[in-house]
Amino acid sequence: INVEANPNLITLFQQQRPEDINLNVGVAPERGTFDFYFIDDWSGRNTFNREAAEGFVRENPEFQIQKIEPIAVVTLEEIIREHSGGRFPDLLTLDVEGLDIAILRAMTFDQGKPTIICVEALSGGGTDSSVPLTSLLGDRGYLLYVRTVGNLIFIRRDIAEKLGVVATRA
């Protein structure tokens, strides 16, 4: 299941990944509509996070916010219920420019848990959410396996123990 808020990109998902479920919505802690800030039509610079968009423009004066458009948002659990038979896939990748913690906090994991969660820890404006993400997911039964440049990869603790995986530091 691919979720892409940018209406300019969803056609590419449908062309390149026709066997997948491709949803043109955003993900948020609750269903509704959020303003989506377009720096350009195609890049990952576009975001629901106003502060991130404004911070990026401030740090990169050659860019500006081109437009702001309302985009529908749904919860991750709604997506799983409606498009995955109520069962989480083994891998959850979350990159929502600063909403990652709020989305994960809102999840009850009533529909099971993904085996691996990859979540963006560095978002616009240089914000590093590593410590709160590690704490939140640790409380939810996950072990921090590795940090890449901007992402943290967590493994469900019961699986990590079976594999002999040791936690790393945020």
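**Burial, salt bridges and contacts: reasoning from values**

User: Why is Glu-78 called buried?

Analyst: In this predicted model, Glu-78 has a relative accessible area of 10%. The term buried applies under 20%, so Glu-78 meets the criterion with its 10%.

User: What makes the pair of Glu-78 and Arg-31 a salt bridge?

Analyst: The closest N and O atoms of Glu-78 and Arg-31 are 2.6 Å apart. The cut-off between a side-chain nitrogen of Lys or Arg and a carboxyl oxygen of Asp or Glu is 4 Å, and the pair therefore qualifies at 2.6 Å. Glu-78 belongs to helix α3 (residues 76-83), whereas Arg-31 sits in the loop between β3 (26-27) and β4 (32-38), so the bridge ties together parts that are 47 residues apart in sequence.

User: Is Arg-31 buried or exposed, and how do you know?

Analyst: Arg-31 has 53% relative accessibility. Exposed requires over 50%, and Arg-31 is therefore exposed.

User: Which other residues of α3 are buried, and what do the buried residues of this helix pack against?

Analyst: Besides Glu-78, the buried residues in α3 include Leu-76, Glu-77, Ile-79 and Ile-80. The buried residues of the helix pack against β1, β2 (22-23), β3, β5 (67-74), β6 (91-94) and α4 (100-106). Just after α3, Gly-85 takes a positive phi of about 60°.

User: How many salt bridges does a search of the whole structure find, and what makes Asp-40 with Arg-45 one of them?

Analyst: The search finds 7 salt bridges. For Asp-40 and Arg-45, the closest N and O atoms are 2.9 Å apart, which is within the 4 Å limit. Arg-45 itself has 33% relative accessibility; this value falls between the limits of 20% and 50%, so Arg-45 counts as partly exposed.

User: Why do Arg-156 and Asp-158 receive different burial labels?

Analyst: Arg-156 has a relative accessible area of 19%, which is under 20%, so the label is buried. Asp-158, at 36%, is partly exposed, because that label covers the values between 20% and 50%. The side chains of these residues meet in a salt bridge, with 2.8 Å from N to O.

User: How do you know that Glu-4 has no salt bridge?

Analyst: The nearest side chain of opposite charge to Glu-4 is Arg-17, 10 Å away. A salt bridge has to lie within 4 Å, so Arg-17 cannot supply one to this buried residue. Glu-4 is found in the loop between β1 and α1, and its side chain reaches the backbone nitrogen of Asn-6 at 2.9 Å. Beyond its neighbours within four places in sequence, Glu-4 contacts Leu-9, Ile-10, Phe-13, Leu-23, Asn-24 and Val-25.

User: What makes Asn-6 a buried residue, and what does its side chain reach?

Analyst: Asn-6 has 1% relative accessibility; since the limit for buried is under 20%, the label applies. Its side chain reaches the backbone nitrogen of Asn-8 at 2.8 Å, and this distance is within the 3.5 Å allowed for a polar contact. Asn-6 lies in the loop between β1 and α1 (10-16). Residues up to four places away in sequence set aside, Asn-6 touches Asn-24, Phe-36, Phe-38, Asp-41, Trp-42 and Asn-46.

User: Why can Ile-1 be part of a nonpolar surface patch?

Analyst: Ile-1, in the segment before β1 (2-3), is partly exposed at 42% relative accessibility. Patch residues need over 30%, so Ile-1 passes this test with 42%. Together with Val-3 and Ile-21, Ile-1 makes a nonpolar patch of about 200 Å².

Definitions and conventions. Residues are numbered from 1 along each chain as its sequence is written. This is a predicted model: local features need pLDDT of at least 70, side-chain atom pairs count only at pLDDT 80 or more; totals for chains, interfaces and linings use all residues. Side-chain values use heavy atoms; hydrogens and water are left out. Patches are made of residues with over 30% relative accessible area and no salt bridge: like charges are joined within 9 Å, nonpolar side chains (Val, Leu, Ile, Met, Phe, Trp, Tyr) within 5 Å. Accessible areas come from the Shrake-Rupley method with a 1.4 Å probe; for residues, only the protein chains shown count as cover. Helices (H or I, at least four residues) and strands (E, at least two) are DSSP runs, numbered from the N terminus. Buried means under 20% relative accessible area, exposed over 50%, partly exposed in between (1.4 Å probe, protein chains only). A polar contact is a pair of N or O atoms within 3.5 Å; within protein, one must be able to donate a hydrogen and the other to accept it, and residues adjacent in sequence count only if both atoms are side-chain atoms. Contact means heavy atoms within 4.5 Å. Lys and Arg count as positive and Asp and Glu as negative; His and the chain ends are not counted.
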